[in-house]
Amino acid sequence: MRNSSGIGSSLQQDAATGARRLELTVGDDEASVRLDRVLAAKVQELSRSRLKALILAGQVSVKAAPVRDPAYHVAPGDTITIEVPQAVPAEPAGEDIKLDIVYEDDDIIVIDKPRGLVVHPAAGHETGTLVNALIAHCGASLSGIGGVKRPGIVHRLDKDTTGLMVVAKNDRAHHSLTAQFADHGRSGPMRRGYMAFVWGVPNRQRGTVDAPIERHPHAREKMAVRESGREAVTHWEMRESFGGRDGKPVAALLECQLETGRTHQIRVHLAHIGHPLMGDGTYGPHFKTKASHLGPASQKALTALGRQALHAYLLRFEHPKTGEILHWESPVPEDLALLQNALRATL
């Protein structure tokens, strides 16, 4: 394999944003070599971890098509383009982002997260995150907690999942909450409840999905049920079922309780049992055709939703300082309420 940058005159820089574009061509001696290895050999000015992050963020294209899998095998003659965003400070800056604060004291802050809000900075989302908002709102009280990239964050919600989150404001609160979330209510009061609108209607009222989860072997942005994964347990109970325009069952509202906290756990588990979340293009794309069974109002509401139909409605834990059991419930947001009302109307 050639051990040179291979970019030469193909280096371009955007004067306005400071972003750079690197272009290179795969040589004849690099057939069937992993994408990350080719880049590591050719682009020595960037670290392996930085290159991997750029791949996962969709900043690397092969033959003009984004490739998010570091293990993708290239072919001789392939043109690789790398979009390198301008460098940003290692420590996130505070930003004036409005927060829906449910509760706050000297130790914790509980928010009702809206759709579209990323929790902490990552490749492609260096600004505009919950962390940026918290730094501006809480100031120095968050410094040093959970590392500079995740101040006070003890659990996460996906970008387009709405609902309740708690954030620690000091070290003592951070350690207490981390322990409670690790226990997941097995011996303490911690509870996390979600409302999930799913395709299909389960054939029983309640159930448990006990299936280990790990990173998908081929699509690195996804998780998957695999025997070699980490323990993952989700309990569910049907709250409501919905019929389609022909009167046959087409969707259901499930209440889910987590016993573990894996990435995308509810989304992966519900898809695993054949009931993926409505609107989930990652884990339920093959269910799009089911929308034709919905009434016109439901189809319109689902299209307008534009995200997975999941809401973290319940949060309960022990206050890290006082020991008081705190409990909050959040009603489903407007977009999910519109979907629910439309589904009910087809009955």
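Does His264 count as buried or exposed, and what is its relative accessibility? In this predicted model, His264 counts as buried because its relative accessibility is 17%, and buried here means under 20% relative accessible area. The residue is found in a loop, the one that runs between strand 14 (249-258) and helix 5 (265-272). Its backbone also deserves attention, since His264 has a positive phi of about 60° although it is not a glycine.

A second residue with a positive phi is Ala64, whose value is near 70° and which is likewise a residue other than glycine. Ala64 is placed in the loop between strand 3 (60-62) and strand 4 (65-66). With a relative accessible area of 74%, however, Ala64 is exposed, because that term applies to values over 50%, whereas His264 counts as buried.

From these two loop residues the reader can turn to a residue within a strand, namely Met195, which has its place in strand 9 (residues 191-199). Met195 is buried, because its relative accessible area is 8% and the limit for that term is under 20%. When its neighbours within four places in sequence are left aside, Met195 is in contact with Arg239, Leu253, Leu254, Glu255, Ala309, Leu310, His311, Tyr313 and Val332. Another residue to locate from here is Met238, which is separated from Met195 by 43 residues in sequence, while the C-alpha atoms of Met195 and Met238 are 9.9 Å apart in space.

Notes
Residues are numbered from 1 along each chain as its sequence is written. This is a predicted model: local features need pLDDT of at least 70, side-chain atom pairs count only at pLDDT 80 or more; totals for chains, interfaces and linings use all residues. Side-chain values use heavy atoms; hydrogens and water are left out. Helices (H or I, at least four residues) and strands (E, at least two) are DSSP runs, numbered from the N terminus. Buried means under 20% relative accessible area, exposed over 50%, partly exposed in between (1.4 Å probe, protein chains only). Contact means heavy atoms within 4.5 Å.
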